[in-house]
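User: I am new to this structure and would like a close look at a single part of it, a loop of your choice. Please set that part in its surroundings and explain each term as you go.

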Amino acid sequence: CFHHYAVGKNTKKRNKVHRFWENERTFQQNVETASMRRLLGIVHMNPEVDPETWNHDDEDIYGLGGVRTPELFYRTFGIDVLHKRAQHHLCLFVEKGGMHRKFQPFL
């Protein structure tokens, strides 16, 4: 949804962007799994996982804040984190900037 990949007309612009895998040799083994568990935990996308199983370091600094909950976001946009499903029309709403134009006046 609404991503600009380094293909076609975007190749020249997007190929300048650094990618995390360019430094993958410096990562510890299994860091990908731990990182994904942490990310999904912080954004409340893995309610079936015990929060004690992922790293909470600096979460208060780099976390989500307290104005709105991730659960409100998921309900608003029809995302079911327990069953890992999203409303089929979500990408159509986001894809060509429709969501941005609709919500921008309220930001």
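Analyst: Of the 107 residues of the protein chain, 12% count as buried, where buried means under 20% relative accessible area, exposed means over 50%, and partly exposed lies in between, with a 1.4 Å probe and protein chains only. This is a predicted model, in which local features need pLDDT of at least 70 and side-chain atom pairs count only at pLDDT 80 or more, while totals for chains, interfaces and linings use all residues. Residues are numbered from 1 along each chain as its sequence is written, and side-chain values use heavy atoms, with hydrogens and water left out.

The chain holds six helices and two strands; helices (H or I, at least four residues) and strands (E, at least two) are DSSP runs, numbered from the N terminus. Read from the N terminus, the elements follow the order α-α-α-α-β-β-α-α. The average pLDDT, the predictor's confidence in each residue on a scale from 0 to 100, is 79 for the protein chain, and 78% of the residues score at least 70. Confidence is lowest in helix H1 (residues 11-14), with a mean of 71, and highest in helix H4 (residues 70-76), with 89. Where pLDDT is low, the predicted coordinates should not be read in detail.

The part chosen here is the loop between H2 and H3, where histidine 44 is found. Helix H2 (residues 31-42) has 12 residues and should span 16 Å, and its end C-alpha atoms are indeed 16 Å apart; the expected span is 1.5 Å times one less than the number of residues. Just after H2, histidine 44 takes a positive phi of about 60 degrees, a positive value in a residue other than glycine. Histidine 44 counts as partly exposed because its relative accessible area is 35%.

Aspartate 58 is also found in the loop between H2 and H3. This residue, although not a glycine, has a positive phi of about 60 degrees, and it counts as partly exposed because its relative accessible area is 41%.

The loop also takes part in a salt bridge, defined as a side-chain nitrogen of Lys or Arg within 4 Å of a carboxyl oxygen of Asp or Glu, and by this rule the count comes to one. Side chains of opposite charge can pair when their charged atoms come close. Here glutamate 48 pairs with lysine 84, and their closest N and O atoms are 3.4 Å apart. The pair links distant parts of the chain, 36 residues apart, with glutamate 48 in the loop between H2 and helix H3 (59-62) and lysine 84 in the loop between strand E1 (79-80) and strand E2 (85-86). Both partners lie between the two cut-offs for burial and exposure, so glutamate 48, at 49% relative accessible area, is partly exposed, and lysine 84, at 48%, is partly exposed.
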